[in-house]
Amino acid sequence: MRTELTLSTHDIQMLVPVRLALEAALVQARAAGPYRRGAALVALDAVVERATDLCASARGLQVSVKLEDTISRLRGDHEFDWTPKVLPAVRLLRKARNSAQHDGIEPDRDFVPLAATTTEVFVVELLEAQYGVDVRTVTLSQAITDTALRGVFARAEEARERGNFHECIQLAISVYSDALRKWNSIRSRRPTFFRADKLGREADESLTALETTLNAATFVADVGAAEWFAALRRDANYDVFDDVDAARALAFAFSWITGYESAAATWTHNRWLTTATKARRVRSGEARAEIASATAALVAPDSGMISATFVIENVPPSDEYAAWARALREQLTDASRRDCWVDNDGTVKITRPVSESTLFAEDTEALAAALQAVEERFATQRLHEREAAEQRTVQSQRMTNAVVAARGQWPAWVLGVEWNASVSDATTWRLRLDPAVHRLQLLEEENAPQFGIQELLGKQPGVEECPYTTGDDILLSPAGSVDNLLRVLRGADPVVAAALRRGQEALDREKATLLDVNSSLAVAVLRTATRTVA
């Protein structure tokens with residue numbers, strides 16, 4: 001059962017590592033044999049300490065080196081409604097851990113299950129008192145910031161909850177691959193491994209395997225875990241996994257994705273642009289751009305050219321600057337054929353021969369006029385954008401209401417419909433389809449060429465484009481009325497329904513054949529057993 005949380009992203013990111021550590025410690029305790037029980041107690045005790053320190057920090061209490069002192073401070077907090085029910089057992093766990101870690105005394109076999117139960121009860125009750133949730137219900141996906149990655153990861157968690165470990169691992173590999181592509185796009189300048197045909201297939205495969213492992217190890221501390229995940233990917237097409245594999249795959253993918261998101265948040269794409277951006281004098285409020293100062297200098301000794309640099313005050317913010325700079329340069333070029341450039345640092349450079357230096361005064365007037373013209377143009381543009389945004393909001397609400405009213409009228413293989421509008425005023429229908437439909441091979445008549453759902457929808461009247469988007473969603477454009485959408489879906493429904501029916505019939509035939517085979521095998525085994533007894 002999945003639980004929707006109302007915690008902040010920061011709280012979730014604090015709780016998820018504790019949940020992972022708790023799960024790993026419990027697994028280690030259950031599998032602990034001789035000479036491994038001491039290590040299991042160390043892991044369990046570490047989770048107790050981690051959860052206690054987290055709650056103390058969240059409540060602004062001092063975290064002590066001694067666990068008992070930190071627990072005492074939590075118990076002494078009158079605003080904290082928590083009474084540790086298993087504190088005596090926690091003390092026994094602490095004592096046994098010290099004996100195992102420092103004196104080499106292996107704990108009794110029967111004590112480890114008790115310690116595991118103690119740890120789980122203590123950690124769950126403590127964190128529930130602080131955060132109001134059972135830490136075991138905190139899903140890893142809730143700590144992922146990227147919406148697309150979070151959606152796929154959530155599907156992987158749901159697959160594990162259903163007991164479909166193969167699907168879970170395939171989705172974990174898929175979301176890792178998506179995150180890796182995003183990371184590679186960020187660090188696009190990083191060189192890839194050299195490939196040469198003369199090295200031969202074996203060398204090329206070895207380099208590919210090395211690159212795969214290094215990619216997996218980018219955001220994990222344990223290279224062995226990266227090797228394990230690389231091996232898991234090689235077996236991904238086979239249904240040979242259990243819950244331990246699924247949990248470990250999710251933990252690895254989660255660790256990698258959160259590491260990627262942390263690195264991406266602080267990644268510097270272009271240091272020169274970053275430095276220039278910081279030098280800009282950005283406007284606040286409705287202030288308009290104007291010339292703040294100007295200086296002139298020779299382009300180079302004996303070049304015969306002189307350059308005037310104008311510092312512009314109140315330039316637009318970063319999301320508007322590129323368009324503003326381009327418009328300003330076009331305006332200046334229209335005004336004169338002078339050599340001019342609007343730089344990334346919020347300055348304008350105009351270059352002339354030394355013999356024309358007296359014309360810089362006119363350039364200053366032309367620049368002031370160009371700034372005013374561009375500011376007026378952008379003010380008008382912003383007004384139009386606000387009006388268009390308001391219209392899109394009204395239209396979006398109207399279309400959403402229409403979709404709600406039409407719910408249930410489209411075919412059952414359509415799981416969801418959403419109306420989308422972009423800033424460019426292009427509108428589309430976003431369709432979420434039954435996953436089985438994407439795998440169908442459709443045909444409109446016997447012995448005709450087969451095709452997929454995307455091609456079928458694209459052939460419907462009124463549909464101009466039908467691309468796939470994030471995940472397996474399909475976009476239909478242009479987005480007409482809901483009635484037009486229903487006509488498109490109903491037009492495709494007979495072909496899809498027939499394909500689904502053929503698929504179900506084939507599956508039923510396979511099941512019947514399998515049942516016959518199993519019956520025959522059972523009879524044959526019974527006959528063999530009868531002859532053996534005789």
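**Pocket lining, a three-stranded sheet and two buried residues**

The lining of the largest pocket comprises 18 nonpolar, 5 polar and 12 charged residues. The model is predicted. The pocket encloses about 1200 Å³ of space. Its lining counts 35 residues, and L20, E23, A24, R160 and A247 lie closest to the centre. Four helices each contribute at least two lining residues: α1 (9-31), α6 (147-161), α9 (223-234) and α10 (243-265). Helix α1 provides the largest share, with 11 residues.

A second region of interest is an open sheet. It is built from 3 strands in the order β6-β7-β8, and the pairing is antiparallel. Strands β6 (414-421) and β8 (474-476) occupy the edges. Each has a single partner strand, so one side of each lacks a neighbour in the sheet. From one strand to the next, the twist averages 25 degrees. Strands of a sheet pair through backbone hydrogen bonds, in either a parallel or an antiparallel arrangement. Here, β7 and β8 are joined in the antiparallel sense over 3 bridges. Within this pairing, W429 stands opposite L476 of β8. Helix α13 (residues 360-406) packs on the sheet and touches β6 and β7. The direction of α13 makes about 165 degrees with that of β6.

T428 belongs to strand β7, which spans residues 427-433. The relative accessibility of T428 is 15%, so T428 counts as buried, the cut-off being under 20%. Beyond residues up to four places away in sequence, T428 touches E418, W419, N420, L475, L476, S477 and A479. Among these contacts, L476 is also the residue that stands opposite W429.

The other residue examined, L126, lies in helix α5 (residues 111-131). L126 has 0% relative accessibility and therefore counts as buried. With residues up to four places away in sequence left out, L126 touches A51, T52, C55, L74, F80 and W82. The separation between L126 and K85 was also computed. These two residues are 41 residues apart in sequence. In space, their C-alpha atoms are 10.0 Å apart.

Terms used
Residues are numbered from 1 along each chain as its sequence is written. This is a predicted model: local features need pLDDT of at least 70, side-chain atom pairs count only at pLDDT 80 or more; totals for chains, interfaces and linings use all residues. Side-chain values use heavy atoms; hydrogens and water are left out. Buried means under 20% relative accessible area, exposed over 50%, partly exposed in between (1.4 Å probe, protein chains only). Contact means heavy atoms within 4.5 Å. On a 1 Å grid over the protein atoms alone, a cavity is a set of points where a 1.4 Å probe fits but cannot get out, and a pocket is an open set with protein on both sides within 12 Å along at least five of seven lines; lining residues have an atom within 4 Å of a point. Grid points are joined across faces, edges and corners, and a volume is the space filled by probe spheres set on the points. Ala, Val, Leu, Ile, Met, Phe, Trp, Tyr, Cys and Pro count as nonpolar, Asp, Glu, Lys and Arg as charged, and the others, Gly among them, as polar. Two strands pair if DSSP finds at least two bridges between them. Axes are lines fitted to C-alpha atoms, for helices over the stretch in contact, and angles run from 0 to 180 degrees between N-to-C directions.
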